[in-house]
Amino acid sequence: MKKILKKNLQNLFAAISKETDLFLPVLNSAKNAEFKKWTEGTEYSEELNTVRSAKDFFFPQTENICDFKTSGKNIEIIENSELPENFAVFGVRACDLKSFEVLDNVFLSEPVDSFYKTRRENAVIFTMACNRPKETCFCHTFNINAADPKGDVECFEDETYVYLNPLTQKGKDLLNKVTSALEDETEEPVKKIKAEIEERLKNLPLYNLSAESFGSDKTEEFFNRKEWDELSEACLGCGTCTFVCPTCQCYDIKDFNTGHGVKRFRCWDSCMYSDFTKMSAGQPRTHQKERFRQRFMHKLVYYPTNNNGMFSCVGCGRCLKKCPISMNIVKVIKKLGGTANG
Ligand code: SF4
Ligand code: SF4
């Protein structure tokens, strides 16, 4: 276990930045936390949670995956994707770390997404335990422990110090390069921090929320529940919930003719949009209720069915904060209650 005085954190960030690009949560002008590249003087923000999740590092909102040039009947494919060299992300919370596992099951299964894989392999993740979890947090529902965040280097903080515990070879290698900025420490202070966080978690309003009744092979039980009408009635189909969600992974591929060739982009899409998965034969989900149901059935039933029971919600609470009509997965879980009532 290593530690550094909080007032000296800039020294650690500078030392890491000499080795690799470093990103961390910072407050923007609207006082919202967002991940930014560290440069001298950039202040780390303890604010929970970043508005956009850490999934952007591996699955960016838009990316130019290749270009084409045509000449007569010939098509030349130009590979021009910009994949980052090694980089480090500091301050990733336990929920966002778990979201990487959800995304891995999608992007690293065959056929492997090579862009995603390269980014995952090139990243060193410094997590941070959540000293002040918010009322909207419910990671405990999905067996995530905000006091035990894991990652390549797991970090903890008290008023004076940040403690760093490397857990993987990648994490150890990077910390070994910046040891001059760090002091040795025993496990004791971190044990105390963990115990205090676990007590705070128990007092959160959503601590006892259970998703146990959902999960694999529950499609028939939940698909035709009459409550979907009421739950989805006010949904605007804005897609905000999907864009802030660390586990949503739908995308579309679009080609743009620049006049000098064609640029192919991959862009996030949303199952809440009316043209999502539209085919030449028509739109498979013609009403907002069907789109709304798709989002929550995917998180709570379809994804677990295909991934050994793992849910594709990590309880980060972002959709609770951002939905303009205050609809969210917690209301869906509570309303459907986990019991069939037809
Ligand atoms: S559904 Fe909501 S609470 Fe769950 S991971 Fe997505 S944004 Fe977070
Ligand atoms: S649930 Fe809320 S955030 Fe999601 S699409 Fe509907 S209105 Fe928008």
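Domain bounds here come from an automatic or database domain assignment. This is a predicted model, in which local features need pLDDT of at least 70 and side-chain atom pairs count only at pLDDT 80 or more, while totals for chains, interfaces and linings use all residues. Residues are numbered from 1 along each chain as its sequence is written, and chains are lettered from A and ligands numbered from 1 in the order in which they are written.

**The two domains**

Begin by colouring residues 2-202 as domain 1 and residues 219-336 as domain 2, which is how the domain assignment divides the chain. The C-alpha centres of domain 1 and domain 2 lie 25 Å apart. Where the domains touch, 32 residues from domain 1 and 25 residues from domain 2 take part in the contact, two residues being in contact if their C-beta atoms, placed from the backbone, lie within 7 Å. On the domain 1 side, the elements that give two or more residues are strand 4 and helix 2 (94-107); helices (H or I, at least four residues) and strands (E, at least two) are DSSP runs, numbered from the N terminus. That side of domain 1 has 15 nonpolar, nine polar and eight charged residues, where Ala, Val, Leu, Ile, Met, Phe, Trp, Tyr, Cys and Pro count as nonpolar, Asp, Glu, Lys and Arg as charged, and the others, Gly among them, as polar.

**Strand 1 and its partners**

Next select residues 2-5, which form strand 1, together with residues 161-166 of strand 9; the two pair in the antiparallel sense over four bridges, and strands count as a pair if DSSP finds at least two bridges between them. Add strand 10 (residues 183-184), which runs antiparallel to strand 1 and is joined to it by two bridges. Lys3 is a useful residue to label here: its bridge partner in strand 9 is Tyr163, and its bridge partner in strand 10 is Glu183.

**A four-stranded sheet**

Strands of a sheet pair through backbone hydrogen bonds, either parallel or antiparallel. The sheet to show now is an open one of four strands in the order 5-4-12-11, with antiparallel pairing. Strand 5 (74-78) and strand 11 (251-257) stand at its edges, and because each has a single partner strand, one side of each is left without a neighbour in the sheet. Neighbouring strands of this sheet are turned by 25° against each other on average, direction ignored, with axes taken as lines fitted to C-alpha atoms, for helices over the stretch in contact, and angles running from 0 to 180 degrees between N-to-C directions. Within the sheet, strand 4 (residues 62-71) and strand 12 (residues 262-268) run antiparallel and are joined by six bridges; Asp67 has Lys263 as its bridge partner in strand 12.

**Leu48 and the cis peptide bonds**

Move to Leu48, in the loop between strand 3 (33-37) and strand 4. Leu48 counts as buried because it has 20 C-beta neighbours inside 10 Å; a residue is buried if 20 or more other C-beta atoms lie within 10 Å of its own, exposed if 12 or fewer, and partly exposed in between, with C-beta atoms placed from the backbone. Leaving aside neighbours within four places in sequence, Leu48 is in contact with Arg93, Cys130, Arg132, Pro133 and Lys134. The C-alpha atoms of Leu48 and Lys134 are 7.1 Å apart, although 86 residues separate the two in sequence. Leu48 is also joined to Asn49 by a cis peptide bond, with omega about -15°. A cis peptide bond is found again between Glu110 and Pro111, where omega is about -5°; Pro111 lies in the loop between helix 2 and helix 3 (114-122).

**Positive phi values**

Lys31, in the loop between strand 2 (21-27) and strand 3, has a positive phi near 65° and is not a glycine; with 8 C-beta neighbours inside 10 Å, Lys31 counts as exposed. Thr277, in the loop between strand 12 and helix 9 (288-306), has a positive phi near 55°, and its 14 C-beta neighbours inside 10 Å make Thr277 partly exposed.

**The ligands**

Finish at the ligands, starting with ligand 1, which is surrounded by 13 residues, the closest being Cys245, Cys313, Cys316, Arg318 and Cys319; a residue is near a molecule or strand if its C-beta atom, placed from the backbone, lies within 6 Å of it. The shell around ligand 1 has eight nonpolar, three polar and two charged residues. Around ligand 2, select residues including Cys235, Cys238, Cys241 and Cys323, along with Met272 and Met327; the shell around ligand 2 divides into nine nonpolar, three polar and no charged residues.
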